[in-house]
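Hi,

Here is the structure I promised to pass on. Have a look at it first, and then read my notes underneath.

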Amino acid sequence: MDKKDTEYFKQLLLELLKDSYDQLRDSSKELNENIIESSGEVSSNPFHLADIGTDVMEREKAFMIASMDSDEIFEINHALEKIDKSEFGYCEQCNHEISKERLEAVPYARLCLPCKAKEENK
Ligand SMILES: [Zn+2]
């Protein structure tokens, strides 16, 4: 991986990071609105238990999305650190170069495809 490629993937990662932060902000905003809405509903309609049930599910969904995004942010930051240490583009398992096609799809991939496949078959 030469300097030009590294710079290219760095830009990709920075864009992804920005997107993830935006998504995270949106989902936590939605989450807050849901909580405010549902708590308002609970006090004014104490007998609508079915509604409360859906709200809880919605809230859990929003939490799940939020935690998924922060995982992604963690992985992106990890990849950016690897760029700084000139370790970017190498598999953390076998130290072989990760193919560019794979990095195009998942710029923050830690493992090459064969290692990833092994990991998933465990
Ligand atoms: Zn590998």
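Let me start with Ser86, which is exposed because just 11 other C-beta atoms lie within 10 Å, and the cut-off for exposed is 12 or fewer. You'll find Ser86 in the loop between α2 and α3 (100-105). What caught my eye is its backbone: Ser86 is not a glycine, yet its phi is positive, at about 55 degrees. As a reminder, most residues other than glycine have a negative phi.

Asn95 belongs in the same note, since this residue also lies in the loop between α2 and α3. Its phi is near 65 degrees, again a positive value in a residue other than glycine. Asn95 counts as exposed, because it has 10 C-beta neighbours inside 10 Å.

Before you go further, bear in mind that this is a predicted model. The mean pLDDT of the protein is 84, and 81% of the residues reach 70 or more. Of the elements, α3 has the highest mean pLDDT, 95, while α2 has the lowest, 78. The usual caution applies: where pLDDT is low, the predicted coordinates should not be read in detail.

Now the overall picture. The secondary structure comes to 4 helices and 0 strands, so reading from the N terminus on you get α-α-α-α. Buried residues make up 12% of the 122 residues in the protein. As for contacts with a separation of 6 or more, 62% of them are between residues 24 or more positions apart.

Which residues form the largest nonpolar core? There are 10 of them: Phe9, Leu13, Ile76, Ala79, Phe88, Ile98, Leu103, Tyr108, Leu111 and Cys112. Helices α1 (3-44) and α2 each supply at least two residues of this core. Leu111, one of the core residues, touches Cys91, Glu92, Gln93, Lys116 and Glu119, leaving aside anything up to four places away in sequence.

Tyr108, also in that core, has a distant partner along the chain worth a look. Its C-alpha atom is separated by 8.6 Å from that of Glu72, with the two positions 36 residues apart along the chain. Glu72 is found in helix α2 (residues 49-84). Is Glu72 buried, exposed or partly exposed? Glu72 is partly exposed, because its 18 other C-beta atoms within 10 Å fall short of the 20 needed for buried.

Ala62 is found in helix α2 as well, but this residue counts as buried, because it has 20 C-beta neighbours inside 10 Å. Which residues does Ala62 touch, not counting those up to four places away in sequence? The answer is Ser27, Glu30, Leu31 and Asn34. For Asn34 there is a C-alpha figure too: 9.1 Å from Ala62, with the two residues 28 apart along the chain.

One last pair for your list. Glu7 lies in helix α1, and its C-alpha atom is separated by 8.7 Å from that of Ile83, 76 residues apart along the chain. Glu7 counts as exposed, because it has 11 C-beta neighbours inside 10 Å.

That's everything I noted. Over to you!

Cheers

How values were computed:
Residues are numbered from 1 along each chain as its sequence is written. This is a predicted model: local features need pLDDT of at least 70, side-chain atom pairs count only at pLDDT 80 or more; totals for chains, interfaces and linings use all residues. A nonpolar core is a set of buried Ala, Val, Leu, Ile, Met, Phe, Trp, Tyr and Cys residues joined through C-beta atoms within 7 Å. Two residues are in contact if their C-beta atoms, placed from the backbone, lie within 7 Å. pLDDT is the predictor's confidence in each residue, from 0 to 100.
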